[in-house]
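These are my notebook entries on a structure that is new to me. I record what I looked up, entry by entry.

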Amino acid sequence: MGPLYPADTLTLMTSYPPAQTVGEFAANLAAVRARIDAAATRAGRAPSDVRLLPVSKTVPQDRLRLAVAAGCTELGENKVQEAKRKSEELADLAVAWAVIGHLQTNKAKDVAAFAAEFQALDSVRVAEALDRRLQAAGRGLDVYVQVNTSAEESKYGLSPGAVPDFLRELPAFASLRVRGFMTLAEFSADEARVRKCFRVLRRVRDRALDVDSGLTELSMGMSGDYEIAIEEGATCVRVGQAIFGSRSLPDSHYWPTGG
C-alpha cells in the first residue's frame with residue numbers, strides 16, 4: 001500500500017512553520033483550500049460542499065487577528081475556557097466559534113453564551129445541560145454527535161451502535177439543532193485504518209438519514225488526513241497546524257481521554 005497521503009501533508013512526519021503575517025496566513029489558507037478542492041474533485045464531489053473549519057487551539061490573540069484578516073471567519077477550539085477567553089478578546093471581530101472538544105456539564109453555560117456550534121455531543125446529560133442554558137439565553141445551537149469510530153478507549157464519543165437510541169432522545173431538547181456527526185480517526189500511518197474510521201461515520205450518517213433527512217453533516221479529518229476524509233464524504237474538515245503552524249504539544253494534550 002502506498003503512503004497515507006502526500007508526504008508534505010503527513011502530520012505524523014511534518015513540521016509546519018508558524019504563520020506570522022497576514023500574507024502567510026492567506027497563503028496557508030489558499031493551499032489548504034486547494035487541497036480540499038482537489039480531493040473533492042477526485043471524489044466526484046462539489047468543492048463547495050466541503051467546509052473548512054480552522055482550528056486555533058494554542059494560537060494567541062495577536063496571531064488570530066492576522067488569521068481573521070487573512071479570511072478566517074470561524075474558528076474551532078477544543079477547550080471551553082480557551083475558547084471563551086478568545087471569544088472575549090476578539091469580540092470586536094466577526095468570528096463564529098465552534099467548540100470541538102469534550103464538554104463537562106459545568107461548562108455548558110459558557111458554551112451556551114458564546115458558541116455558534118458544538119461538535120462533541122455524546123451524552124444526554126450534556127444535551128440536557130446545554131438545552132437548559134440555551135433556553136435561558138433564548139438561543140439555539142448547531143450540534144454534531146461525536147462517534148468513536150476507532151473503538152479506542154482513549155477517545156470520547158458514542159459507539160456506532162449506540163447512535164440510533166441517542167438520536168431518539170434529542171428531539172426533547174428544542175434548542176439543539178442536530179446537524180450530523182463528528183469523529184476523530186485513528187492516528188495512524190496505515191491508510192486502511194484511517195479510511196475505516198471515516199467510512200464507519202459515513203455509514204452511521206447514512207442510516208440516520210433514513211430517520212431524519214436533516215442529519216447530513218460529517219465533520220471528520222484534520223491536518224494530516226483531511227484529504228482522505230473528503231474522499232470518504234466529509235462535509236467539514238477541522239484543520240489547525242496546516243494553517244497556523246505546528247504546535248509544541250501533542251494532540252493528546254488537547255483531546256482529553258475518555259478513560
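**Entry 1. A salt bridge within one helix.** I began with arginine 33, which forms a salt bridge with aspartate 37; their closest N and O atoms are 3.0 Å apart. I then looked up where the two residues sit. Both belong to helix α1, residues 22-42, and they are four residues apart, about one turn of the helix. I also checked their exposure. Arginine 33 has a relative accessible area of 25% and is partly exposed. Aspartate 37, with 27%, is partly exposed as well.

**Entry 2. The model itself.** I note that this is a predicted model. The average pLDDT of the protein is 91, and 90% of the residues score at least 70. I looked up where the confidence falls. Over residues 1-13 pLDDT stays under 50, and the model has 36 contacts beyond four places in sequence for this stretch. Residues 252-259 also have pLDDT under 50 throughout, with 23 contacts beyond four places in sequence. I read both stretches with caution.

**Entry 3. Overall make-up.** I found nine helices and eight strands in the secondary structure of the protein. The protein has 259 residues, and 51% of them count as buried. For contacts with a separation of 6 or more, I noted that 63% are between residues 24 or more positions apart. The exposed area of the protein is about 11,400 Å², of which carbon and sulfur atoms supply 51%.

**Entry 4. An annotated lysine.** Which residue does UniProt mark with the feature "modified residue: N6-(pyridoxal phosphate)lysine"? I found that the record, an unreviewed entry, places this feature at Lys57. In the model, lysine 57 lies in the loop between β1 (51-54) and α2 (61-69). Is lysine 57 buried or exposed? Its relative accessibility is 3%, so I entered lysine 57 as buried.

**Entry 5. Salt bridges between strands.** I counted on the computed total here: the structure holds 21 salt bridges. I looked up two that join strands. In one of them, glutamate 74 pairs with arginine 51, and the closest N and O atoms are 2.9 Å apart. Because glutamate 74 lies in strand β2 (residues 74-77) and arginine 51 in strand β1, this pair ties together parts that are 23 residues apart in sequence. Glutamate 74 counts as buried at 19% relative accessibility. Arginine 51, at 22%, counts as partly exposed. The cut-off for buried is under 20% relative accessible area, which is why glutamate 74 at 19% is entered as buried and arginine 51 at 22% as partly exposed.

The other salt bridge joins the side chains of arginine 177 and aspartate 142, at 2.7 Å from N to O. Arginine 177 lies in strand β6 (residues 176-182) and aspartate 142 in strand β5 (residues 141-146), so the pair ties together parts that are 35 residues apart in sequence. I recorded arginine 177 as partly exposed, with a relative accessible area of 35%. Aspartate 142 is buried, its relative accessible area being 17%.

**Entry 6. A network.** Which residues are linked in a network of salt bridges? I listed Arg42, Glu191, Arg195, Arg199, Arg202, Glu231 and Glu232. One of these residues, Arg42, brings me back to helix α1, which spans residues 22-42.

Notes
Residues are numbered from 1 along each chain as its sequence is written. This is a predicted model: local features need pLDDT of at least 70, side-chain atom pairs count only at pLDDT 80 or more; totals for chains, interfaces and linings use all residues. Side-chain values use heavy atoms; hydrogens and water are left out. Helices (H or I, at least four residues) and strands (E, at least two) are DSSP runs, numbered from the N terminus. Buried means under 20% relative accessible area, exposed over 50%, partly exposed in between (1.4 Å probe, protein chains only). Contact means heavy atoms within 4.5 Å. Accessible areas come from the Shrake-Rupley method with a 1.4 Å probe; for residues, only the protein chains shown count as cover. pLDDT is the predictor's confidence in each residue, from 0 to 100. UniProt positions are given in the numbering used here, feature names are shortened, and annotations may be inferred rather than shown by experiment. A salt bridge is a side-chain nitrogen of Lys or Arg within 4 Å of a carboxyl oxygen of Asp or Glu.
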